[in-house]
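Trainee: Please take me closely through one part of this protein: how its helices pack, and what lies around them. Keep it plain, since I am new to this.

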Amino acid sequence: MNLPVVQARLAEADVARIERAAAYVETHDTDQVLAELLPALTSAERADVSRHLVFDHTAVLVFPDSLDGLREELGRLGLEPGPVTPSVVVRDRLTRRYGPALAGIPVGIVHVAVGGRSVEIFALPVSPDSALEAVAADEREAEHESHHAFAVTAPGPVVPAGLRLLLQERGGAVPDGGGYNGHENVTVLYHRTTTHRRFELRLPGRHDPLPDPTTALLTVMTGAWATQAVATMAELNIADHLADHPGMSAERLAALTSTHPDALRRLLRYLTSLGLLTSADGTYHLTATGQPLRTGTEFSLHPLAQLYGGPFYDSFAGLTHSVRTGQEAFAHRHGQHHFPYFAQHPELGSLFHRAMAASAEMFTPVPTLIDFSAVREVVDVGGGNGALLGHVLRAHPHLDGVLFDRPDALEAARTQLTERCAFVAGDFTRSVPEGGDVYLLSRVLHDWDDERCLTILGRCAEAMRPGAQLLVVERLLPTPTAVAWDVHMLCNVGGRERDEAHYTRMLAEAGFEVRGCHDLPLGASLIDAVRATPS
């Protein structure tokens, strides 16, 4: 007995979509597709990217009444289809979108060769009058699964990782799921562009997918938890204990820190996920990321972790107030600006000055970036604990220094600067010591609005002879570090970070000429200016 041949049928709308995809594949190359999907990439970047990936196919999702006979139906349309294989990734995406009713329904993949590339056809069988007709109608309208695909030609993990980073940071592509298809031994990584178009990277072998947008957002939202976990690690001196006794168990560490063993173990597990620790066989070790939380080491970030997890953490609860009013949340929550507040609370003032010293690593190149050979006196305006001035004086024994700041700040500096340095108390909005050859303004201007900055720069200009040098250390927008600190300054100080052009304009208005700008560690920059001859 001969069984009837099953002939799958495609709706006219699906046939038209397949034909449009085939025409696109036949008329577009890799550079054209990249330019269309990611217009932010320059032509040079597209050319470089094209060395490592190639436009492979365009995909559409169609809805035959059956997978049986699908190849024959495509052949009837004049196409040359390959075999039909299962699609794990697309079936899982559809199940997440429409619910578990689709989990047991097979989704097929068939490739149709077109001019050296292909159209990838996903097929979800939908019988007439089925409840899935609504799914088919929605998918045809929204085109959720339609995309263009690029095959990554470079083997190994390094080039694919670089491509993924470039396409996100420069191209604006957002990860949109994906996974490993064992039938093809390929990892499919979906991305969505700023114009809501989709593309995929096809990587040979198994690769870890990037976080989907929801997971990525949850990671960002839990950043406050990480801040407090790091602050607790600092408060308990966990880094010091693990540095002294590598491979310590949670029980032993709990005894040393007077903490609850199970609760500490849970914290250690979280710190491990953050990359500050590693664990093996029930013991814990510091990573390179966790090392800066040790106390008593040069550039220790221990006090900075406590500051970020303490008063500055509290003020960020008022960020909405800052965004609505333009006023710092710290004053809103504590009744006054953080400088006088810390002055009235010596324990916080001490913590603040120690925290500022923690980022003094940014100053290390300054003594060699600038020629101090003809200089005799350096004046550090608002220099706080004198970290920058100390670096310069130690590197150049022929120099004398003047540290100019509030009286409480000078007290913190006297133990750090003991030779060749005069301590002068005052207010840099009123006057600045005269007679210096080089003046330093390190992380001062970002504390204030433009009007106050121009006042400070004007006082410096009044004290400086023509040709005297002004060195400004700040973080410059639009670096990621400066972008984050800009919000910090809004919330905690009422100041702001600025780009190089902004500082150049303010310096020119105050009577200075910018001669250059140098990169410093920790995302900082050194702006080199001179006092211009007054006109």
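**Helix packing and the spaces around it**

Mentor: α11 and α12 are roughly perpendicular to each other, because their angle is about 110 degrees and 65 to 115 degrees counts as roughly perpendicular. Keep in mind that this is a predicted model.

Start with that pair. α11 covers residues 250-257, and α12 covers residues 261-273. Their axes are 9 Å apart. The crossing is right-handed. Now look at the side chains that meet. α11 brings Ala250, Glu251, Leu253, Ala254 and Thr257. α12 answers with Pro261, Leu264, Arg265 and Leu268. Sort this contact by class and you get 6 nonpolar, 1 polar and 2 charged residues.

Stay on α12, and turn to α9. These two helices pack at about 115 degrees, with axes 10 Å apart. This crossing is left-handed. On the α12 side, find Leu267, Tyr270 and Leu271. They meet Trp225, Ala226, Ala229, Val230, Thr232 and Met233 of α9. That contact holds 8 nonpolar residues, 1 polar residue and no charged ones.

Now follow α9 to an open space. The largest pocket holds about 1,000 Å³. It has 31 lining residues, and Thr227, Leu304, Ala305, Tyr308 and Trp485 lie nearest its centre. α9 (223-235) gives two or more residues to this lining, as do α8 (213-221), α13 (302-309), α14 (311-315), α18 and α23 (480-492). By class, the lining has 22 nonpolar, 7 polar and 2 charged residues.

Two of those helices have a loop just ahead worth a stop. Phe299 sits in the loop between β11 (283-286) and α13. Its phi is positive, near 60 degrees, though Phe299 is not a glycine. The other loop runs between β16 (469-477) and α23, and Pro478 is in it. The peptide bond from Leu477 to Pro478 is cis, with omega about 10 degrees. Why point these out? Because most residues other than glycine have a negative phi, and most peptide bonds are trans.

What about the second largest pocket? Its volume is about 630 Å³. It is lined by 36 residues, and Phe339, Gly382, Arg406, Arg443 and Asp447 are the closest to its centre. Look for α18 and α23 again, since each supplies at least two lining residues here; so do α17, α20 (387-395) and β13 (400-405). The classes come to 16 nonpolar, 13 polar and 7 charged.

Pick out Arg443 from that group. Arg443 lies in the loop between β15 (438-442) and α22. It is not a glycine, yet its phi is positive, about 55 degrees.

That loop takes you to α22, residues 450-463. α22 packs with α24, residues 500-510, at about 50 degrees, and the axes are 9 Å apart. α22 and α24 are therefore oblique to each other. Their crossing is right-handed. From α22 come Asp450, Cys453, Leu454, Leu457, Gly458 and Ala461; from α24 come His502, Met506, Leu507, Glu509 and Ala510. Among the residues of this contact, 7 are nonpolar, 2 polar and 2 charged.

Last, look for closed spaces. There are 3 cavities of 30 Å³ or more. The second largest encloses about 40 Å³. Phe339, Phe342, Ala343, Gly349, Phe352, His353, Arg406 and Asp408 line it. The elements giving two or more residues are α17 (338-344) and α18 (346-358). You have met Phe339 and Arg406 before: they are among the residues closest to the centre of the second largest pocket. The lining of this cavity divides into 4 nonpolar, 2 polar and 2 charged residues.

The largest cavity has about 70 Å³ of space. Its lining is Ser87, Val89, Val90, Ile109, Glu120, Phe122, Asn181, Glu184, Val188, Tyr190, Glu200 and Arg202. Four elements each give two or more of these: α5 (88-98), β4 (117-123), β7 (186-192) and β8 (198-204). The split is 6 nonpolar, 2 polar and 4 charged.

Terms used. Residues are numbered from 1 along each chain as its sequence is written. This is a predicted model: local features need pLDDT of at least 70, side-chain atom pairs count only at pLDDT 80 or more; totals for chains, interfaces and linings use all residues. Side-chain values use heavy atoms; hydrogens and water are left out. On a 1 Å grid over the protein atoms alone, a cavity is a set of points where a 1.4 Å probe fits but cannot get out, and a pocket is an open set with protein on both sides within 12 Å along at least five of seven lines; lining residues have an atom within 4 Å of a point. Grid points are joined across faces, edges and corners, and a volume is the space filled by probe spheres set on the points. Ala, Val, Leu, Ile, Met, Phe, Trp, Tyr, Cys and Pro count as nonpolar, Asp, Glu, Lys and Arg as charged, and the others, Gly among them, as polar. Axes are lines fitted to C-alpha atoms, for helices over the stretch in contact, and angles run from 0 to 180 degrees between N-to-C directions. Angles under 35 degrees count as roughly parallel, over 145 as roughly antiparallel, 65 to 115 as roughly perpendicular and the rest as oblique. A crossing is left-handed if the near helix is turned anticlockwise from the far one by less than a right angle, and right-handed if clockwise. Contact means heavy atoms within 4.5 Å.
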